[in-house]
Amino acid sequence: MSLENYIIYISYLNKKLNGFFEKQYPYICCKKGCAKCCKNGEYPFSALEFDFLMIGFSRLPSGLQDEILSKIRHLKEEKQKQNKETFIYECPFLLEDECCVYDFRGIICRSFGLIAINEHGNSKIPFCAFEGLNYANVLDVNTKIISSEKYKKLGDVPQPLAFNVSYDFLTSETIANNFKLDFGEKKPLIDWFK
Ligand code: SF4
Ligand code: SF4
């Protein structure tokens with residue numbers, strides 16, 4: 001039942017996020033083949049999201065599944081070697097700069113790229129702004145905040161806004177209660193694999 005409700009939630013979330021991305025069009029550079037955000041993260045997944053991802057995985061050709069599992073094994077070895085609190089890696093589901101489980105990807109994969117409001121009420125600008133991508137045209141790189149001067153220079157365009165799209169909020173108890181979901185445990189994507 002929870003997976004059925006999750007599919008309803010994902011469809012609602014996709015609509016919401018598409019609306020936000022559309023509203024922010026002057027600042028958004030996301031396009032097929034831009035995959036910096038899939039090469040630079042830990043990718044938190046809840047148990048529920050992971051179950052859904054595995055449906056996508058099970059539909060891949062077996063050779064591709066083996067390739068992904070082999071990448072995961074190597075990443076897990078590297079993580080163990082580094083033995084650091086945070087291990088940043090390229091997502092093993094990224095193939096030739098495209099997600100091979102796109103329709104089954106996680107919530108962080110769907111929401112990344114907007115300015116998010118974190119649990120303390122602060123705005124979090126996506127890291128790709130600092131690499132010339134989303135919001136780079138209104139970013140003050142020295143202060144690391146959105147520049148109202150740069151925004152004004154763009155003329156008659158919608159304001160750059162922060163949205164309530166942090167991973168913590170989108171997988172919160174409030175959302176779980178509203179959509180009758182049980183997200184379960186959350187951990188970095190590769191940690192779900194034995
Ligand atoms: S969020 Fe940034 S890195 Fe990711 S696809 Fe969009 S522009 Fe590219
Ligand atoms: S699951 Fe797909 S969208 Fe998400 S990080 Fe991996 S490659 Fe990127």
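**Group meeting: a walk through the model**

I'll start with one residue pair: Ile115 has Ala162 as its bridge partner in β8. Before going on, note that this is a predicted model.

That pair belongs to the contact between β4, residues 115–117, and β8; the two strands run parallel and are joined by 2 bridges. In general, strands of a sheet pair through backbone hydrogen bonds, either parallel or antiparallel. Here the sheet is open and has 3 strands, ordered β5-β4-β8, with mixed pairing. At its edges are β5, 123–124, and β8, 162–163, each of which pairs on one side only.

Now the whole protein. The count is 7 helices and 9 strands. How does the radius of gyration compare with that of a compact globule? For 194 residues the globule would come out near 16 Å, and the protein has 18 Å, so the two agree. Along the principal axes, the C-alpha atoms fill a box of roughly 50 × 40 × 30 Å. Of the 194 residues, 25% are buried. If you take the contacts with a separation of 6 or more, 74% of them are between residues 24 or more positions apart.

One helix to look at is α3, which covers residues 62–82. From first C-alpha to last, its 21 residues reach 30 Å, close to the 30 Å expected at 1.5 Å a residue. After α3 comes Asn83, with a positive phi near 50 degrees.

Next, ligand 2. Which residues are around ligand 2? Four cysteines are in the list, namely Cys38, Cys91, Cys99 and Cys109. The others are Tyr43, Phe93, Leu94, Val101, Arg105 and Gly106. By class, this shell has 8 nonpolar residues, 1 polar and 1 charged.

Last, Lys39, which follows Cys38 of that shell in the numbering. Lys39 sits in the loop between α1, residues 2–23, and β1, residues 44–46. Is Lys39 buried or exposed? There are 12 other C-beta atoms within 10 Å, and a residue with 12 or fewer counts as exposed, so Lys39 is exposed. Leaving out residues up to four places away in sequence, Lys39 touches Glu90 and Leu94. Leu94 is also one of the residues around ligand 2. Lys15 lies 24 residues from Lys39 along the chain, and their C-alpha atoms are separated by 25 Å.

Definitions and conventions
Chains lettered and ligands numbered in written order. Predicted model: local features only at pLDDT ≥ 70, side-chain atom pairs only at ≥ 80, totals over all residues. Pairing = 2+ DSSP bridges. Helix = DSSP H or I, 4+ residues; strand = E, 2+ residues; numbered from the N terminus. Near = placed C-beta within 6 Å. Nonpolar A, V, L, I, M, F, W, Y, C, P; charged D, E, K, R; others polar. Expected span 1.5 Å × (residues − 1). Rg over C-alpha atoms; globule rule 2.2 N^0.38 Å. Buried ≥ 20, exposed ≤ 12 C-beta atoms within 10 Å, placed from the backbone. Contact = placed C-beta atoms within 7 Å.
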